[in-house]
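Colleague: I am new to this model and would like a close look at a single part of it. Could you take one helix and describe carefully how it sits among its neighbours, and then add a little on the strands?

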Amino acid sequence: MKRIIKGCICIILCLTIGFTLTGCSSAELTEENVTKTVEKVETSLKEFDTKDLEKYVDSETLSYILKMAKGHDQFSDLGKAIFENLDIKIDSINLEEKTVTVSVRNKDLFYVASDFAQNLLSNYSSFQLLNKLNDDEFLDNGLTQLTQGITDAQMKDEAVQVTLTITQGKKNLVLGFDETAEDAVSGGALTAIKQLV
């Protein structure tokens with residue numbers, strides 16, 4: 001009799017835990033989970049946490065930089081410099097359309113990154129640049145110069161409003177960044193870097 005009671009209690013506890021975990025799934029499309037996801041993405045960008053960014057962000061240009069950051073610390077340092085001053089505020093969440101509208105503020109980095117990109121393109125062919133991406137000395141010199149320019153740049157006066165798409169992954173929500181959103185969060189840097197890649 002005691003075994004039956006213990007077995008029943010174990011089954012009830014397992015079911016309760018299972019329902020609790022299912023109910024708290026971070027992939028569930030709720031305002032609370034969207035808010036947490038936006039906060040997670042902001043933190044991940046500032047820290048340039050490649051694992052979390054791959055998990056929570058869908059962005060073509062950012063994905064390329066994340067791949068490069070895995071093999072080269074210089075790209076990771078560049079990412080941290082680009083997003084260090086990023087500020088994201090939620091304006092509205094539309095669960096029906098699966099979107100979140102945010103106001104984004106960062107440094108004005110377009111001209112710094114664009115000048116850097118133009119300088120490289122005037123000195124190297126696309127083929128030469130591809131080969132240089134594996135040259136640590138080249139990356140140290142070039143990206144250090146770009147990072148310094150980013151450090152010296154001024155904050156934008158006003159925030160930019162963008163709308164991000166929301167998709168549901170198996171374990172979490174994912175925010176989709178189009179070119180406009182990439183441009184906003186990076187202060188224009190990703191748009192300029194696209195010229196190189």
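Modeller: What follows looks at helix H5 and then turns to strand S5 and to one residue of strand S2. Please keep in mind throughout that this is a predicted model.

Helix H5 covers residues 73-83, and it packs against helix H4, residues 60-71, with the two axes 5 Å apart and at an angle of about 135°. Because angles over 145 degrees would count as roughly antiparallel and those from 65 to 115 as roughly perpendicular, this angle makes H4 oblique to H5. On the H4 side the residues that meet H5 are Leu 62, Ile 65, Met 68, Ala 69 and Gly 71, while H5 brings Asp 73, Phe 75, Ser 76 and Phe 83 to the contact. By character, the residues of this contact divide into 6 nonpolar, 2 polar and 1 charged.

H4 is part of a wider surrounding, since the buried residues of H5 are covered by elements that include helix H2 (31-47), H4, helix H8 (136-152), helix H9 (179-185) and helix H10 (189-194). Of the 11 residues of H5, 8 are buried, and the helix is therefore largely enclosed by the rest of the structure. The buried residues are Gln 74, Phe 75, Ser 76, Leu 78, Gly 79, Ala 81, Ile 82 and Phe 83, and among them Phe 75, Ser 76 and Phe 83 also take part in the contact with H4.

Turning to the strands, S5 (residues 173-176) is covered on both faces, with Leu 173 and Leu 175 buried on one side and Val 174 and Gly 176 buried on the other. In a regular strand the side chains alternate between the two faces of the sheet. S5 runs parallel to strand S1 (residues 57-58), to which 2 bridges join it, and Gly 176 is the bridge partner of Asp 58. With strand S4 (residues 160-168), S5 pairs in the antiparallel sense over 4 bridges; here Thr 165 stands opposite Gly 176, and a hairpin of 4 residues joins S4 to S5.

Finally, Asp 87 lies in strand S2, residues 87-94, and is partly exposed, with a relative accessible area of 29%. Its C-alpha is 7.4 Å from that of Glu 42, although the two residues are 45 apart in sequence. Leaving aside residues up to four places away in sequence, Asp 87 touches Glu 42, Ser 103, Val 104 and Arg 105, and its side chain also makes a polar contact, at 3.1 Å, with the side chain of Lys 89.

Notes. Residues numbered from 1 in each chain as written. Predicted model: local features only at pLDDT ≥ 70, side-chain atom pairs only at ≥ 80, totals over all residues. Heavy atoms only, no water. Axes fitted to C-alpha atoms, helices over the stretch in contact; angles between N-to-C directions. Parallel < 35°, antiparallel > 145°, perpendicular 65-115°, else oblique. Contact = heavy atoms within 4.5 Å. Nonpolar A, V, L, I, M, F, W, Y, C, P; charged D, E, K, R; others polar. Buried < 20%, exposed > 50% of the residue type's maximum accessible area, 1.4 Å probe, protein only. Pairing = 2+ DSSP bridges. Polar contact = N/O pair within 3.5 Å; in protein donor to acceptor, adjacent residues only side chain to side chain.
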